[in-house]
Amino acid sequence: GGRTWSHADDVADRGVSPCVIQMRSGVIAVVYGRPHNWLMFSVDGGQNWVGHFQFYKGPKSWDAWNYCMLEEVAPDMLW
């Protein structure tokens, strides 16, 4: 019933539709969009986030509002 949930803290200043995976190494990867498409990582169970890499920006401001997914296809390799 949510009794053990903690407060949700923002981890980025933008974005919708996140896709989250935990890789075999324990690293958590998140891809999110709007505006543009972004990728970030946590190596400490989600306490801190690094990256916020913008990996796609379309030619128009609205062109990069894609919904993305992640899959670990080999150790430490995302697709």
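# A walk through a small world of strands

Strand β2 gives the most to the lining of the largest cavity, with three residues. That makes β2 a handy place to start our tour of this predicted model. We'll come back to the cavity once we know the strands around it.

Let's step back and look at the whole protein. There are zero helices and six strands, so expect the pattern β-β-β-β-β-β as you read along the sequence. The C-alpha atoms fill a box of roughly 45 × 30 × 20 Å, taken along the principal axes. Of the 79 residues in the protein, 28% are buried.

Now for the sheet. Four strands make an open sheet in the order β1-β2-β3-β4, with antiparallel pairing. Which strands stand at the edges? They are β1 and β4 (50-56), and each has a single partner strand, so one side of each is left without a neighbour in the sheet. On average, neighbouring strands of this sheet are turned by 20 degrees against each other, direction ignored.

You can walk across the sheet one pair at a time. Start with β1 (residues 16-22) and β2 (residues 28-33), which run antiparallel and are joined by five bridges. Here Val-20 stands opposite Val-30 in β2, and the bridge partner of Gln-22 is Ile-28 in β2. The hairpin of β1 and β2 has five residues between the strands, and in this hairpin Gly-26 takes a positive phi near 100 degrees.

Next door, β2 and β3 pair in the antiparallel sense over six bridges. As one example, Ala-29 has Phe-41 in β3 as its bridge partner. The hairpin of β2 and β3 has three residues between the strands, and this time Arg-34 takes a positive phi, near 65 degrees. One step further, β3 (residues 37-42) meets β4 in another antiparallel pairing, over four bridges. Look there for Trp-38, whose bridge partner in β4 is Gln-54.

Back to β2, which deserves a slower look. This strand is mostly covered: six of its six residues are buried. In a regular strand the side chains alternate between the two faces of the sheet. You can follow that in β2, where Ile-28, Val-30 and Tyr-32 point one way, Ala-29, Val-31 and Gly-33 point the other way, and all are buried.

Take Ile-28, which is found in strand β2. Is Ile-28 buried or exposed? Its relative accessibility is 13%, and buried means under 20%, so Ile-28 counts as buried. Ile-28 also gives you a feel for how the chain folds back: Ile-28 and Met-40 are twelve residues apart in sequence and 8.4 Å apart in space, C-alpha to C-alpha.

Time to look at the empty spaces. How many cavities of 30 Å³ or more does the structure hold? There is one, and about 50 Å³ of space lies in the largest cavity. Its lining is made of Val-16, Ser-17, Val-31, Tyr-32, Gly-33, Arg-34, Asn-66, Tyr-67 and Cys-68. Both β1 and β2 supply at least two residues each to this lining. Sorted by class, the cavity lining has five nonpolar, three polar and one charged residues.

The largest pocket has a volume of about 220 Å³. Around the pocket you'll find Val-11, Ala-12, Arg-14, Gly-15, Val-16, Pro-18, Val-20, Val-30, Tyr-32, Met-40 and Trp-49. Again, β1 and β2 each supply at least two residues of the lining, but here β1 gives the most, with three residues. By class, the pocket lining has nine nonpolar, one polar and one charged residues. Some names should ring a bell: Val-20 and Val-30, which stand opposite each other across β1 and β2, are among the residues lining the pocket.

Arg-14, one of the residues lining the pocket, leads us to the last stop. The structure holds one salt bridge, and Arg-14 forms it with Asp-13, the closest N and O atoms being 3.0 Å apart. How open to the outside are these two residues? Exposed means over 50% and buried means under 20%, so Asp-13, at 65% relative accessibility, counts as exposed, whereas Arg-14, with a relative accessible area of 31%, is partly exposed.

Terms used:
Residues numbered from 1 in each chain as written. Predicted model: local features only at pLDDT ≥ 70, side-chain atom pairs only at ≥ 80, totals over all residues. Heavy atoms only, no water. Pairing = 2+ DSSP bridges. 1 Å grid on protein atoms, 1.4 Å probe; cavity = no way out; pocket = protein on both sides within 12 Å on 5 of 7 lines; lining within 4 Å. Points joined across faces, edges and corners; volume = space filled by probe spheres on them. Nonpolar A, V, L, I, M, F, W, Y, C, P; charged D, E, K, R; others polar. Salt bridge = Lys/Arg side-chain N within 4 Å of Asp/Glu carboxyl O. Buried < 20%, exposed > 50% of the residue type's maximum accessible area, 1.4 Å probe, protein only. Axes fitted to C-alpha atoms, helices over the stretch in contact; angles between N-to-C directions.
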